[in-house]
Amino acid sequence: MKLFGLLIVFCCLMGTLKAQEQRPALPVLSKNDTIKTYVTLLDGEMVPWIVTPEVIIRDSRIFKTEADRRAFNLLRYNVRKVIPYAHFAGDRYRQLQRDLALTGDKGKQKELIYACNTQIKEMFKKQIMNLTITQGEILIKLINRETEITTYDVVKELKGGFSAFSFQLAARIFGHNLKETYDRNEQRDIEGILQEAGYDSYKN
C-alpha cells in the first residue's frame, strides 16, 4: 500500500512539473501597457486580440445615365424622409400589442386603442400631411416592413373596417394602395438605402 501511495504522489508531481513546463510564456509588459485585452494561445504563445465593430463593405453604384443617378438620389431622399415615421408607427403598434396583451378588460383595451389612434392622428396632422405622394407610397411599404401587416390592416385594427375602407378609397384617389406589401427582393433599391442609413427596424 505504501508503494502504491508513493507511485500516486510521484505521478501527480510529474504531471504538475510537465504542466508547468508546457505553460506558455506570458507577454512581457512595459509601463506603457495599460490597455486590458483578451489573449489566446497560438503556437505556444499568448497572443492578444481585440473585438472590432462590424465593418460593412459596399460596392460603389454605377449608373448608366445621369438621369438614373438623379432618380436614385431622389429615392434616397424620400426614403430617408419617411424613415422616422415608419419607425414611430412600428414602435407604437408593437407597444399597443404589448399593452393589449397585458389586460383582458375590454374597456381598458378601447382606451389603449383610442390613445394610440389619437397619437398617430396628431402626428399625421402635424407632419405626415406634408409628405409628397411618392413619400406616402414609400411610407406605406415601410409600415408593412415594420409591422408585418399592411397599413390597411393597421387602420382596420385601430379604427374598424369602415374607416379602413374609407381610407383605402381616399388613398386610391392619389394612386396609393394601403394593402400594399413590402418585398425586400423587389424593393432592392429601397432596402439598400435603408441598410446604408443604418436602419434598425424591428425586422432589420
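**Salt bridges, a hairpin and a surface patch**

Modeller: Let's start with Asp 91, which is partly exposed at a relative accessible area of 40%. Keep in mind that this is a predicted model.

Colleague: Okay, so which residue forms a salt bridge with Asp 91, with the closest N and O atoms 2.7 Å apart?

Modeller: Look along helix H2, residues 66-101, which is where Asp 91 is found. The partner sits three residues away in that helix, so the two are separated by about one helical turn. The closest N and O atoms of this salt bridge are 2.7 Å apart, and the residue facing Asp 91 is Arg 94.

Colleague: Is Arg 94 buried or exposed?

Modeller: Buried means under 20% relative accessible area. Arg 94 comes in at 12%, so the label is buried.

Colleague: Which residue's side chain meets Arg 94 in a salt bridge of 3.1 Å, N to O?

Modeller: The N to O distance here is 3.1 Å. This pair links distant parts of the chain, with Arg 94 in helix H2 and the partner in helix H4 (residues 133-147), 52 residues apart. That partner is buried, with a relative accessible area of 1%. The residue you want is Glu 146.

Colleague: How far apart in space are Asp 91 and Glu 146, C-alpha to C-alpha?

Modeller: In sequence, Asp 91 and Glu 146 are 55 residues apart. In space, their C-alpha to C-alpha distance is 8.3 Å.

Colleague: Helix H4 has come up already, so which residue forms a salt bridge with Arg 145?

Modeller: The closest N and O atoms in this one are 2.7 Å apart. Arg 145 lies in helix H4 and the partner in helix H7 (residues 188-196), so the pair ties together parts that are 46 residues apart in sequence. Both ends are buried: Arg 145 has a relative accessible area of 1%, and the partner is at 9%. The name is Glu 191.

Colleague: Which residues do salt bridges that share partners join into one network?

Modeller: Arg 94 pairs with Asp 91 in one salt bridge and with Glu 146 in another. Through such shared partners, the network takes in Asp 91, Arg 94 and Glu 146.

Colleague: And how many salt bridges does the structure hold?

Modeller: We've talked through some of them, including Arg 145 with Glu 191. For the whole structure, the total is seven.

Colleague: Leaving aside neighbours within four places in sequence, what is Gln 187 in contact with?

Modeller: Gln 187 is in the loop between helix H6 (161-173) and H7. With 18% relative accessibility, Gln 187 counts as buried. Beyond those sequence neighbours, its contacts are Lys 141 and Tyr 182.

Colleague: Over to the strands: which residue is the bridge partner of Thr 40 in S2?

Modeller: Strands S1 (residues 38-42) and S2 (residues 45-49) run antiparallel and are joined by five bridges. They form a hairpin with two residues between them, and Asp 43 in the turn has a positive phi of about 55°. In S2, the residue bridged to Thr 40 is Val 47.

Colleague: Which residues make the nonpolar surface patch of about 360 Å²?

Modeller: One of them sits in strand S1, namely Tyr 38. Tyr 38 counts as exposed because its relative accessibility is 54%. The patch of about 360 Å² is made by Tyr 38, Trp 49 and Val 51.

Notes. Residues are numbered from 1 along each chain as its sequence is written. This is a predicted model: local features need pLDDT of at least 70, side-chain atom pairs count only at pLDDT 80 or more; totals for chains, interfaces and linings use all residues. Side-chain values use heavy atoms; hydrogens and water are left out. Two strands pair if DSSP finds at least two bridges between them. Helices (H or I, at least four residues) and strands (E, at least two) are DSSP runs, numbered from the N terminus. A salt bridge is a side-chain nitrogen of Lys or Arg within 4 Å of a carboxyl oxygen of Asp or Glu. Buried means under 20% relative accessible area, exposed over 50%, partly exposed in between (1.4 Å probe, protein chains only). Contact means heavy atoms within 4.5 Å. Patches are made of residues with over 30% relative accessible area and no salt bridge: like charges are joined within 9 Å, nonpolar side chains (Val, Leu, Ile, Met, Phe, Trp, Tyr) within 5 Å. Accessible areas come from the Shrake-Rupley method with a 1.4 Å probe; for residues, only the protein chains shown count as cover.
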